[in-house]
Amino acid sequence: LQTSAAVLIATYDNITSSGGGVPAIANFTGDGTTVSFNLGNATNENTTNVYINGVYQQKNTYSLSGSNIVFSTAPPNTSSIEVSFT
């Protein structure tokens, strides 16, 4: 029989993060032809979440080149683009 003193309990506050703090948000409007948008900060594709008109975009639909996000297909005209990144 073990007592509570003998049990180690992990908490989230002592686990290191692979991210980098509070995510930044960049918003753009698609014009149907532009595929590259400047995020203003170099980032890592693994720490991005992209939404076009509120719909999550799979990571294979865009890439990062320096501080730019580059879509494989231009987002539609007047579409709302939101990029969350750390």
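These legends walk you through several close-up views of one protein chain.

The model is predicted: local features need pLDDT of at least 70 and side-chain atom pairs count only at pLDDT 80 or more, while totals for chains, interfaces and linings use all residues. Residues are numbered from 1 along each chain as its sequence is written, and side-chain values use heavy atoms, with hydrogens and water left out.

**View 1. The whole chain has 7 strands and 0 helices.** Helices (H or I, at least four residues) and strands (E, at least two) are DSSP runs, numbered from the N terminus. Read from the N terminus on, the elements follow the pattern β-β-β-β-β-β-β. Of the 86 residues, 23% count as buried; buried means under 20% relative accessible area, exposed over 50%, and partly exposed in between (1.4 Å probe, protein chains only). Among contacts (heavy atoms within 4.5 Å) between residues at least 6 apart in sequence, 70% join residues at least 24 apart.

**View 2. Four strands make an open sheet in the order β1-β7-β3-β4.** The pairing here is antiparallel; two strands pair if DSSP finds at least two bridges between them. As background, strands of a sheet pair through backbone hydrogen bonds, either parallel or antiparallel. At the edges stand β1 (24–29) and β4, each with a single partner strand, so one side of each is left without a neighbour in the sheet. Strand β3 (residues 48–52) meets β7 (residues 80–85) over 5 bridges, and the bridge partner of Asn49 in β7 is Ser84.

**View 3. Strand β3 alternates its side chains between two faces.** Thr48, Val50 and Ile52 point to one face and are buried. Asn49 and Tyr51 point to the other face and are not buried.

**View 4. A hairpin joins β3 and β4, with 2 residues between them.** In the turn you will find Asn53, which has a positive phi of about 50°. The two strands run antiparallel and are joined by 2 bridges. Ile52 has Val55, in β4, as its bridge partner.

**View 5. An open sheet of 3 strands has the order β2-β6-β5.** Its pairing is antiparallel. Here β2 and β5 (62–65) are the edge strands, each with a single partner strand, so one side of each is left without a neighbour in the sheet. On average, neighbouring strands of this sheet are turned by 25° against each other, direction ignored; axes are lines fitted to C-alpha atoms, for helices over the stretch in contact, and angles run from 0 to 180 degrees between N-to-C directions. Between β5 and β6 there are 4 bridges, and the bridge partner of Ser63 in β6 is Val70.

**View 6. Ring pairs link Phe28, Phe37, Tyr62 and Phe71 into a cluster.** Rings of Phe, Tyr and Trp (its six-membered ring) pair if their centres lie within 6.5 Å; planes under 30 degrees apart count as stacked, over 60 as edge-to-face and the rest as tilted. By this rule the count comes to 4 aromatic pairs. One of them, Phe28 with Phe37, is tilted, at 5.0 Å centre to centre and 40° between the planes. Phe28 counts as buried at 19% relative accessibility, and Phe37 counts as buried at 8%. Phe37 also pairs with Phe71: the ring centres are 6.0 Å apart and the planes stand at 75°, so this pair is edge-to-face. Phe37 lies in β2 (residues 36–38) and Phe71 in β6 (residues 68–71), so the pair ties together parts that are 34 residues apart in sequence.
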